[in-house]
Amino acid sequence: MSVGPARSLYRSTVLARGKSPRHRGLVGDPRARVLLAENPLCGDRVSLELVVRSELSLAFDGHACLLCVASTDLLADLVSGSSCELAVAQIQGFLTMLETGEGQASDDLSALLEVRALPIRMACVRLTWDVLLGELVALGADAMRMR
């Protein structure tokens, strides 16, 4: 493996978000759902604090690699202020881009797409996205059953 893909992966957006995430720190909102995202193979363990109202709010804390922290922080940026339905569509869209390399992403999210050159690090980027997507889909299904 060349050094090129690894260097480009850790460009300024990922480094900045990994070192100084904007959404790190659990708020302790009593209405929050706390989700655990864990990858025992690499040791990433992140707690997501999701508040579901008319708009979503997401914060996180835990121990994870720089790439996982940056990815989670960018995820929180993306979904905070969105509806549940919009957040599901945004997450699915990003995960599809991550898998296929097709589509347009914001500059910040495009930094994460570089992980495609290092498949072993894909789990670091996807970890919290997959957990949050599962929770939001379940919430939507519960809402549909209650109608």
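In which helix does G140 lie? In this predicted model, G140 lies in helix α6, and I would like to begin there before turning to the core and then to α3.

With a relative accessible area of 26%, G140 falls between the cut-offs of 20% and 50%, and it is therefore classed as partly exposed. Its C-alpha atom is separated by 9.3 Å from that of V88, although the two residues are 52 apart along the chain.

Helix α6, which runs over residues 122-146, also matters for our next topic, the largest nonpolar core, since it provides nine residues, the largest share of that core. The core has 39 residues, and the members that touch the most other members are I91, F94, L112, L132 and L136. At least two residues each come from the strands β1 (33-39), β2 (44-52) and β3 (56-63), and likewise from the helices α3 (66-79), α4 (84-100), α5 (107-113) and α6. If we take F94 and leave aside residues up to four places away in sequence, its contacts are L109, L112, L113, V125 and W129. As general background, nonpolar side chains in soluble globular proteins tend to be buried together.

Now to α3. Counting 1.5 Å a residue, its 14 residues should span 20 Å, and because the end C-alpha atoms are indeed 20 Å apart, the expectation and the model agree. This helix is mostly covered, with 11 of its 14 residues buried; among them are L67, C68 and V69, but also S71, T72 and D73. After α3 comes G81, whose phi is positive, near 90 degrees.

Notes
Residues numbered from 1 in each chain as written. Predicted model: local features only at pLDDT ≥ 70, side-chain atom pairs only at ≥ 80, totals over all residues. Heavy atoms only, no water. Core = buried A, V, L, I, M, F, W, Y, C linked by side-chain atoms within 4.5 Å. Buried < 20%, exposed > 50% of the residue type's maximum accessible area, 1.4 Å probe, protein only. Helix = DSSP H or I, 4+ residues; strand = E, 2+ residues; numbered from the N terminus. Contact = heavy atoms within 4.5 Å. Expected span 1.5 Å × (residues − 1).
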